[in-house]
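Hi,

Here is the structure I said I'd pass along. Have a look at it first, and my notes on what turned up are underneath.

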Amino acid sequence: MLRSEIIKRLYKDYTKKFLNKIIISVLFSLLVAISTSAIAWLLDPAIKKLFIEKDKTLIFIIPLLIIIAFTTKGFSLYLAKSTMISVGEEIKKKLQINMVKSLIKTDTQIIDKKHSGKFISNLTYDVNQITSLLSNAILTLFKDTLTLLGLLGVMFVQNWKLALASIIMIPLAGISSKILGKRVRKVTTEAQERSGYLTTYLVELFKNHKLIKIFQKENYENERAEYHLNELKNKNKKIAIVFVRMSPVMETLTGVMIAILIFYSAVLMSKNELDINNFFSFLAAMMLAYQPVRALSTLNMVYNQGLSAASRILPIIDQKNTIQDLSTSKPLKISKGEIKFEKLNFSYDVNEGKTLKSINLDFLGGKMTSLVGHSGSGKSTILNLIPRFYDAQSGNIIIDDQSIYETNLSSLRENISLVTQETTLFDDTIMNNIKYAKDNASDEEVYEAAKLSHCEEFINKLPNKYQTLIGENGVRLSGGEKQRISIARAMMKKSPIVLLDEATSSLDSETEFKIQNALKILTKNKTTIVIAHRLSTILNSNNIYVIDNGEVVDSGKHDLLLLKSDLYKNFYEKQIQK
Ligand SMILES: Nc1ncnc2c1ncn2[C@@H]1O[C@H](COP(=O)(O)OP(=O)(O)O)[C@@H](O)[C@H]1O
Ligand SMILES: [Mg+2]
């Protein structure tokens, strides 16, 4: 993305809406500028009228004016800043919500390739940099430019020759900040990358903590943690140091300016071109100008940091999905529920070999079909293609004479239940986990589903029954218990197509036997595709497909396959649990 494009986008999508507030903030900034300049200017009458002319009438008025000037400065500074802080937080939330929304609808394929840690780092680290650009930097730009202009005004009023002399030095500060700004952009990108690596590492540390213990990799992990934190420290240190590198430059410049000023003032005073009251007012203005000049000179760096962060964030927000409705997509109408794969080719990565090779499959409506085959042969892939988690490169999947690629996604997915081997539960109550399948489900429906899937027996033993929290912050359930909850969840959906991907693999044979009934109810008269590893399931199937290396090598019923397929026979003897 070009810098100009980034700026245009940031303005149009994130800043424009807050123009009112920004204008309010600018108005208060103007007050800051006026009151700051007034403070410097007031020293002139104070010295002249009170100290030199010893005027009694102004002895209360001038100190009072000074109090008013400071108070005005304080309050308007507060209001200008707090307005921009709220703008900043709004912008931050908007960026984050857009990122999360984009994540929620992103193609599975893209999410597969992305690490959660990296995303988290983008969402926090980068977004902060952009917010800082859009709120702090805008505030600095207005407040400090206006203040600087006001103070320069005072300086010119007091003595134009002195003012001209000090103005010449301002561009010097500008040049050094431009050079440092480029460096900041580079280091910030590096630091962001490191912060991404660190979050990625931390996420894995949590996930793999048992693995670390059993392989006794504590020392190794300590070293890796040390490495990641050290790298991040180095980059952050670099950034901070580039920022403070401005300090010596600025202090030296200020020193030089004041020295020249005093020298030149002395010359002007000896020629009677400058009075002491003008000198002090001028000096005050110049000292007060130090802060805005300094802020403005680091602006370039904040700008660079913000832009480099935006160049990483905006592509995430703009992520185009390939799997989405076409304008011609129609709602899927299920009659029999027959699913056909026609000459379907699929690979997860077009540069690599095909995962499914021109396969033809026919799943009869309302019947159960089994897929068997070695692990890695492509069975789960077949199931993943039906709800369009991935799209095939060629060929077609047809449900009741409608291509799924021409039906709209929500109507397709609405009709499919999926229970997988990796059970996924949310960090929420059991009740809400089951209800996830159906928003308006009554508690009774949940109890019913839980009972059928034999969840009730363990749920009733939990401290808060259905209101028990499970997952990350709650009770840990066993693999089999989790699997039963996901079966209950699938039962709630009552969809005409049911996909079971080794859905009972975590259950012991006794529990499995118990929930066979539940599965029978779940799959009754539904088009069911089951990746099976038990004889009982296979015997219940209307048809069995033997998948090997992405191809359909045989099909038929159990007895027939035992006779004609060596692969199946072999598989049956070694793998299928009776
Ligand atoms: N998300 C993915 N990205 C890339 N390759 C994948 C992905 N999922 C599975 N594969 C690969 O596709 C092949 C088939 O996998 P899969 O359908 O899961 O097999 P099965 O379910 O029969 O064990 C395997 O070689 C596997 O490594
Ligand atoms: Mg699988």
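One convention before the helix pairs: angles under 35 degrees count as roughly parallel, over 145 as roughly antiparallel, 65 to 115 as roughly perpendicular, and the rest as oblique. Also keep in mind that this is a predicted model.

With that in hand, take helix α15 (residues 443–452) and helix α17 (residues 479–493). Their axes come within 8 Å and cross at roughly 130°, so α15 and α17 are oblique to each other. The crossing is right-handed. On the α15 side the contact is made by E445, A449, A450 and L452, and on the α17 side by A488, M491 and M492. By class, that contact of α15 with α17 splits into six nonpolar residues, no polar ones and one charged.

The next pair is helix α3 (residues 61–105) with helix α5 (residues 116–158). These two pack at an angle of about 150°, with their axes 9 Å apart, and are therefore roughly antiparallel to each other. The crossing of α3 and α5 is right-handed. The contact has a long list of residues, including M84, I85, I91 and L95 of α3 and L123, V127, I130 and L134 of α5. The residues in the contact of α3 with α5 divide into 15 nonpolar, five polar and three charged.

Then there is α1 with helix α11 (residues 276–318), where the axes come within 10 Å and cross at roughly 75°. That makes α1 roughly perpendicular to α11. Here R3, I6, R9 and L10 of α1 meet L307, A310, S311 and L314 of α11. Sorted by class, the contact of α1 with α11 has five nonpolar residues, one polar and two charged.

Staying with helix α1 (residues 3–15) for a moment, K8 lies in it. K8 is exposed, because it has 11 other C-beta atoms within 10 Å. If you want a long-range distance to check your viewer against, K8 and M492 are 484 residues apart in sequence and 47 Å apart in space, C-alpha to C-alpha.

S411 makes a handy second check. You'll find S411 in helix α13 (residues 409–414), and it counts as partly exposed because it has 17 C-beta neighbours inside 10 Å. S411 and K333 are 78 residues apart along the chain, with their C-alpha atoms separated by 8.3 Å. Leaving aside neighbours within four places in sequence, S411 is in contact with P331 and L332.

On single-helix geometry, I looked at α10 (residues 246–270). Its 25 residues reach 36 Å from the first C-alpha to the last, close to the 36 Å expected at 1.5 Å a residue. After α10 comes N272, whose phi is positive, near 60°.

That brings me to backbone angles. Most residues other than glycine have a negative phi. Which way does Q216 go, positive or negative? Its phi is positive, about 50°, although Q216 is not a glycine. Q216 is in the loop between α8 (209–214) and α9 (218–244), and it counts as exposed because there are 8 C-beta neighbours inside 10 Å. D401 also isn't a glycine, and has a positive phi of about 65°. D401 is in the loop between β4 (394–399) and β5 (402–403), and is exposed, with 10 other C-beta atoms within 10 Å.

Cheers

Definitions and conventions:
Residues are numbered from 1 along each chain as its sequence is written. Chains are lettered from A and ligands numbered from 1 in the order in which they are written. This is a predicted model: local features need pLDDT of at least 70, side-chain atom pairs count only at pLDDT 80 or more; totals for chains, interfaces and linings use all residues. Axes are lines fitted to C-alpha atoms, for helices over the stretch in contact, and angles run from 0 to 180 degrees between N-to-C directions. Helices (H or I, at least four residues) and strands (E, at least two) are DSSP runs, numbered from the N terminus. A crossing is left-handed if the near helix is turned anticlockwise from the far one by less than a right angle, and right-handed if clockwise. Two residues are in contact if their C-beta atoms, placed from the backbone, lie within 7 Å. Ala, Val, Leu, Ile, Met, Phe, Trp, Tyr, Cys and Pro count as nonpolar, Asp, Glu, Lys and Arg as charged, and the others, Gly among them, as polar. The expected span of a helix is 1.5 Å times one less than its number of residues. A residue is buried if 20 or more other C-beta atoms lie within 10 Å of its own, exposed if 12 or fewer, and partly exposed in between; C-beta atoms are placed from the backbone.
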